[in-house]
Amino acid sequence: MKKPLRVQQQQTTQVHESDLRARWFRIRLEVDPRPNVSPAAPQANSDPVFLVPNRTELGPGIPVKVYAPVGRCIYCGATEFILGTGRKLSEEHIVSEGLGGVIVLPEASCEACAKTTTKIEGNILRTVLWTPRRHLKIRGKKRKRDERTFPLTAVVEGKDVPLHLPLNEHPALLFLLRLQAPGILLGRPEEFSGIAGLWMQELISDSINEMRDRGLPSFASPSVDTVRFCQMLAKIAHGFAVAELGLDGFKPLLLEQLIFRELAPKENWCGCYHLVGGDPEDYAPDDALHVMGWGVDQRGDKHFLVVPLRLFANLGAPVFHVIAGELDQAQLERALALAKPREQPPDRTPAEPQ
Ligand SMILES: [Zn+2]
């Protein structure tokens, strides 16, 4: 796959402890008033390679993967798209098409559940991921918006100033949460946040120069709604778990506890980190745009089905771990029988001089 656009900086922002329980986060970037120095030549990345058990990858050039039809709504069990009409269930894109999703579960969603999951994905795709998706040329098939200019918030003398800029002048920040392991695995009480920090990458270095030329000293990313973000990861993990293990292959945990959780518009809720977490370590960029897999994690006498998920893996983005469900003894034995042999880490011993 082609390497991404030029990258000026990649960093982790520490979040003040008292702010960790907030539901919304955004990043503010100060524009250095000095002219831009040309970025240093890329160095070999020494971060460990993230090995995904039972790996599936998505991205440009990777063929569409279609699983066997499910015949039941993977969220509510309905067998018709609209009750009483006999209409077939709709296909489910495990990762939204708006994120370049090319893995499909046929006959897998009813109309009501499709509305819920589309709302969850839409919230994230149209905010924090909106301009990054355009910069990285990841687009869904529906193009309804007028896309000649893109919104941006400049911060001038401490005040937010809305701007609309063409894509080539727009500083696109890809900004994701960096999470601790899911609370259920750590025995962490639900009222504690799972946020370990924020990860960001500026996608085009020239856009910073543009901001400097305009005399705009500071700008802010769109806000990420942490609950919606965790719900989106949960939706992907649930669909993938059903695709790989079947609807009866595990006892789902994400549906009532997270995907269908209704919250008041301004309600803070850290319970989303109970089943959705991550690995706060840095891993080397992957060749694929997104990677995911599944594995089993035993805690006491319980066996959890864990879906490791890395969106924007090719940019070195953080790894998430989502607890898709629990396995009873028969489900565990079946899962272990389906598991592929573990990948081996690549050999990084330098070649002998000739
Ligand atoms: Zn349904």
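Here's a quick briefing on two parts of this structure: a sheet and a helix. Keep in mind that you're looking at a predicted model. The sheet is an open one built from 4 strands, and the helix is α1, covering residues 111–125.

**The sheet**

- Walk across the sheet and you meet the strands in the order β3-β12-β8-β9, with antiparallel pairing.
- At the edges sit β3 (28–30) and β9 (159–165), and each of these pairs on one side only.
- Neighbouring strands here are turned against each other by 35° on average, ignoring direction.
- Take a look at β8, residues 150–156: this strand pairs with β9 in the antiparallel sense over 7 bridges.
- For a spot to find on screen, V156 stands opposite K159 in β9.

**Helix α1**

- With 15 residues at 1.5 Å a residue, α1 should span 21 Å, and its end C-alpha atoms are 20 Å apart, so the two values agree.
- Its buried residues are C113, T117, I120, E121 and I124.
- Seen down the axis of α1, those buried residues fall within an arc of 90°, so they line one face of the helix.
- Some background helps with that pattern: an α-helix has 3.6 residues a turn, so residues three or four places apart point the same way.
- Over on the other side of α1, you'll find K115 and K119 exposed.

**What covers the helix**

- The buried residues of α1 are covered by elements including β7 (103–109) and α5 (226–245).

Note on methods. Residues numbered from 1 in each chain as written. Predicted model: local features only at pLDDT ≥ 70, side-chain atom pairs only at ≥ 80, totals over all residues. Pairing = 2+ DSSP bridges. Helix = DSSP H or I, 4+ residues; strand = E, 2+ residues; numbered from the N terminus. Axes fitted to C-alpha atoms, helices over the stretch in contact; angles between N-to-C directions. Expected span 1.5 Å × (residues − 1). Buried ≥ 20, exposed ≤ 12 C-beta atoms within 10 Å, placed from the backbone. Arc of directions from axis to C-beta. Contact = placed C-beta atoms within 7 Å.
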